[in-house]
Amino acid sequence: MDALGITGIGHIAIRARNLDRVLAFYTDTLGFPEMFRLFTDAGDLMLVYVRVTDRQFLEFFPNGAGEPLAREADGLNHLCLEVADLDTTVAALAQRGIAPSRGPQLGRDGNRQAWIEDPEGNRIELMEMAADSRQAAAIARLREAGQA
């Protein structure tokens, strides 16, 4: 960790056109529990917090408009969820009616991946991190240099 003290990604915020449908996907289909809801001073729903890990969350905001950004657009491109076993995850999602839009396949970084979309078309990469991936090799180099 450097002097800034950043320890991880706390949350990613997603604005939804159909909040109930999106929440059902992330909570019922993917199995992330809803943690709490925040409301405006007027009593309107402001956001819903969903747990990924004890320190990583997704925030869902209502009243989205428009379409998700095209794959080649500038800005946030996709959400990546690390999985322990890609084949098991893909099979479990198939049982829930979710088929990958791509993969499973080996990515250029040496990790296996498959891609799904949430009900509003937001892209989600499912990644099985390999011990010999480019990420693992880069972390090993940082550790050797005393930077990790």
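**Reading the largest pocket and the open sheet**

User: How many residues of each class line the largest pocket?

Analyst: The lining of the largest pocket has 16 nonpolar, six polar and two charged residues. Ala, Val, Leu, Ile, Met, Phe, Trp, Tyr, Cys and Pro count as nonpolar, Asp, Glu, Lys and Arg as charged, and the others, including Gly, as polar. The model is predicted: local features need pLDDT of at least 70, side-chain atom pairs count only at pLDDT 80 or more, and totals for chains, interfaces and linings use all residues. Residues are numbered from 1 along each chain as its sequence is written, and side-chain values use heavy atoms, without hydrogens and water.

User: Which residues lie nearest the centre of the largest pocket?

Analyst: A pocket is an open set of points on a 1 Å grid over the protein atoms alone, where a 1.4 Å probe fits, with protein on both sides within 12 Å along at least five of seven lines; lining residues have an atom within 4 Å of a point. Here 24 residues form the lining, and Val52, Gln56, Cys80, Leu81 and Glu82 lie nearest the centre.

User: Which element gives the most to this lining?

Analyst: Elements are DSSP runs numbered from the N terminus: helices (H or I, at least four residues) and strands (E, at least two). E5 gives the most, with four residues.

User: In what order do the strands of the open sheet run?

Analyst: Strands pair if DSSP finds at least two bridges between them. Four strands form the open sheet in the order E5-E8-E7-E6, with mixed pairing. At its edges, E5 and E6 (102–106) each pair on one side only. E7 (residues 112–117) and E8 are antiparallel over six bridges, and Arg112 has Glu128 in E8 as its bridge partner.
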